[in-house]
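Q: I would like to learn how to read a model in which protein and DNA appear together. Could we go through it feature by feature?

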Protein chains: 2
Amino acid sequence: MLTNRQLLILQLTVKDFIESAQPVGSRQLSKKPEAPFSSATIRNDMADLEDMGYLEKTHTSSGRVPSEKGYRFFVDHLLQPQTLAIEDSLQLRTLFHDKVGESEELIRKSATILSELTNYTSILLGPDTSTHAVKKFSIVPLDQQRAVAIIVTDNGHVENRIFDVPPGLTASEIEKTVNILNERLIGTSLVQLQQKLLQEAKHVFEQHIHQAEQLFSSLQQAIAVEPEERLYFGGKLNMWKQPEFHDFQKMKSFFELIEKGNPAMDLFQKKGKGIQVRIGSENKVIEMEEYSVITSTYSAGENMEGSIAIIGPKRMDYARVITLLDTLSSDLSTALNRMTIGQETDRRQDT
Amino acid sequence: MLTNRQLLILQLTVKDFIESAQPVGSRQLSKKPEAPFSSATIRNDMADLEDMGYLEKTHTSSGRVPSEKGYRFFVDHLLQPQTLAIEDSLQLRTLFHDKVGESEELIRKSATILSELTNYTSILLGPDTSTHAVKKFSIVPLDQQRAVAIIVTDNGHVENRIFDVPPGLTASEIEKTVNILNERLIGTSLVQLQQKLLQEAKHVFEQHIHQAEQLFSSLQQAIAVEPEERLYFGGKLNMWKQPEFHDFQKMKSFFELIEKGNPAMDLFQKKGKGIQVRIGSENKVIEMEEYSVITSTYSAGENMEGSIAIIGPKRMDYARVITLLDTLSSDLSTALNRMTIGQETDRRQDT
DNA sequence: GTTAGCACTCTTTAACTTTGAGTGCTAATA
DNA sequence: TATTAGCACTCAAAGTTAAAGAGTGCTAAC
């Protein structure tokens, strides 16, 4: 369908526009050594490419700009495989240099570095922690009315919530409560906690504890760990490093999009593994029409998955971001998996 | 020094400018029923006020704009005491309706509401938690190499940190460790923790625990609670509701100021109690010249203090913000104090 | 099939004009 | 003496016009 020269010209046009953010004209292209054709020749090819929908003009006599179809073709067929620049991989490496205890920390840092490296906005979705198993319960009374419930999960995450203690409950009864919880509910995943609490622990409570109902309902509330999806942002402000966003209205709407969170931009509509590129309206959301999103996934141990997204202008440096995301997500996976290996062995010993 | 009419005109000028964000001219003012003078009269007075430095012109034939001196005079002498609008106080009240367990939560919410009510950016500085006393220690082993150290303070705050466990340490030894910590260090404030750990607990460790040194240094790291100043922001984006910030560069520099955190803007240079107003260059920082800051303090129990700041354009609605801040800070104080009363009684019982 | 040449289009920039709100000053007025 | 009307003047903002520059499409020559 497309001649070799047309392919070349399309590629050069997209590349040039990605760099310069300016519509590229035939004369300009013809000056490049990679395109040793006259401007007229290029003009003709460009006209054809425009007819086929790969290029667009911003106005009748302007240079060409890639259409979404053009970007899509570029990403699918014209992307030259790239190796990570040395300085990039050095930067990435620093992430794993000083070892960090909690996975959350590592993920947060990844978001930051990614945004610094790309100059786009990065959004990391943490793995769904609700499948983590409870390692230990603890209750610390604060005063007559209140106590802190603490849940430690097997990945080292600590959830805590303050709750009301029924008046007159003695310290020994609280101790008993903790014991019951620990006996009955250790190993339960956070999602199942509510349910199991009812099934396994309720009757035990009623037998042993004074004022069981009140305590129980308080506990139930405290234990209701909301399944908050954890989003980590990097470089929220980066979009204004892009010239096409040097504009008040655009920045404003971008921020509103970001701050509003995922409702509008359901970024992580994961279909299949590997790296996904969504260009402009491929995001299926009107607010995202001006942006491209590149996503990838990483694993954090035993069927726990997180996602990485980079959001930038359609005129994004796809090649670079893709390789960057590729290596980061695999590095992140190994690092996070190593963190949980210990647990696995450990858990096996427990049973 | 100033005639009554001049005072009136100054007041009206400032008020008008605060509302409209437009330089105010003599003719415009003369139309207001509050100023039943001819434009020429007003013009003369304005000229005088300009000579005295209370007003400025943006260019030779423009209307007048308050100078910093003008704002200062307005705030000090011309502010009419205002009562809180009903809808405002209703909004504020919602804060305290549904009771929240942890003080942090309440403070965070205050920041949000304040920014919504004012359309400016709010920054709340949480009380210095490092003086809180430890209520309970706990250590939960995760696997052979790692464990979580948990510290609960008497206000219900939970600090946790993952640390390395020296290989070969037994479960009973960990239990012993926790016991030692709880025996020796409960009631210690977080600031003193490091020091006391060394003084009181080190020798005990050496007597009872195998591999004391390694464990001890791990613990020491884990316990090093950084004295992070906790800042809570509300309405970071609000500045672009102000017309004078409908400008790319200004918004950008405002964000950089905010994100960079306090180094540049040491907002909470508290001098004296009560409400402080700092206008433009009174902030002593070049980056803050365009902004005014109004601060207030609240108490969170027994000589623990937090601060509230509202940052907006110099053309800020001082009257409203001041009353708002006044009532919020006192409401917040009572709420937070009530939270800690229980503890006080409780702590007395302990000793 | 490629390229040179040319007329044409459209944006961008700068220069110029107009309009409107505002000022300062002077002379008249209460 | 304090206020006001009147008038000439200034300046920013908005609109208009003109020129420059980059690009296109098309035709004819190579």
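Q: Of the atoms of DNA strand D within 4 Å of the protein, what percentage belong to sugar or phosphate?

A: Keep in mind that this is a predicted model. To read a DNA contact, sort the DNA atoms by the part they belong to. For DNA strand D, 76% of the atoms within 4 Å of the protein are sugar or phosphate atoms, and the rest belong to bases.

Q: Which residues are closest to DNA strand D?

A: Start with the whole set, then pick out the closest. DNA strand D is surrounded by 20 residues, and A:Ser26, B:Arg5, B:Thr41, B:Thr60 and B:Ser61 are the closest. By class, this surface has 13 polar, five charged and two nonpolar residues.

Q: Which side chains have a polar atom beside a phosphate oxygen of DNA strand D?

A: Look for N or O atoms on both sides. In the side chain of B:Arg5, an N or O atom is 2.7 Å from a phosphate oxygen of DNA strand D. For B:Thr60, the distance from such a side-chain atom to a phosphate oxygen is 2.9 Å. From chain A, A:Arg64 has a polar side-chain atom 3.0 Å from a phosphate oxygen of this strand. Two elements give two or more residues to the surface near DNA strand D: helix H2 (26-31) of chain A and helix H3 (39-51) of chain B. H3(B) gives the most, with four residues.

Q: Which residues are closest to DNA strand C?

A: Read DNA strand C by the steps used above. Around it are 20 residues, the closest being A:Thr41, A:Thr60, A:Ser61, B:Ser26 and B:Arg64. Sugar and phosphate make up 77% of the DNA strand C atoms that come within 4 Å of the protein. The classes here are two nonpolar, 13 polar and five charged residues. Helix H3 (39-51) of chain A and helix H2 (26-31) of chain B each supply at least two residues of this surface. The largest share, four residues, comes from H3(A).

Q: Which side chains have a polar atom beside a base atom of DNA strand C?

A: Check which DNA atom is the partner. A polar side-chain atom of A:Ser61 is 2.5 Å from a base oxygen of DNA strand C. B:Arg43 places a polar side-chain atom 3.3 Å from a base nitrogen of that strand. For B:Gln28 the partner is a phosphate oxygen of DNA strand C, at 3.0 Å.

Q: What turn lays chain B on chain A?

A: To relate two copies, superpose one on the other and read the turn and the shift. Here a turn of 180° with a shift of 0.0 Å along the axis lays chain B on chain A, with an RMSD of 0.1 Å. The two copies are therefore related as by a two-fold rotation axis. In chain B, B:Phe248 has the C-alpha nearest the axis, 2.6 Å from it. The same surface serves both copies, as 100% of the contact residues of chain B recur in chain A.

Q: How many residues does the contact take from chain B and from chain A?

A: Count residues, then look at area. The contact takes 37 residues from chain B and 37 residues from chain A. Between them the chains bury about 3,100 Å², 65% of it on carbon and sulfur atoms. In chain B, the residues that lose the most area to chain A are B:Leu142, B:Trp240 and B:Phe248, together 21% of what that side buries.

Definitions and conventions:
Residues numbered from 1 in each chain as written. Chains lettered and ligands numbered in written order. Predicted model: local features only at pLDDT ≥ 70, side-chain atom pairs only at ≥ 80, totals over all residues. Heavy atoms only, no water. Least-squares fit on C-alpha atoms with pLDDT ≥ 70 in both. Contact = heavy atoms within 4.5 Å. Near = heavy atom within 4 Å. Polar contact = N/O pair within 3.5 Å; in protein donor to acceptor, adjacent residues only side chain to side chain. Nonpolar A, V, L, I, M, F, W, Y, C, P; charged D, E, K, R; others polar. Buried area = accessible area lost by both parts, 1.4 Å probe.
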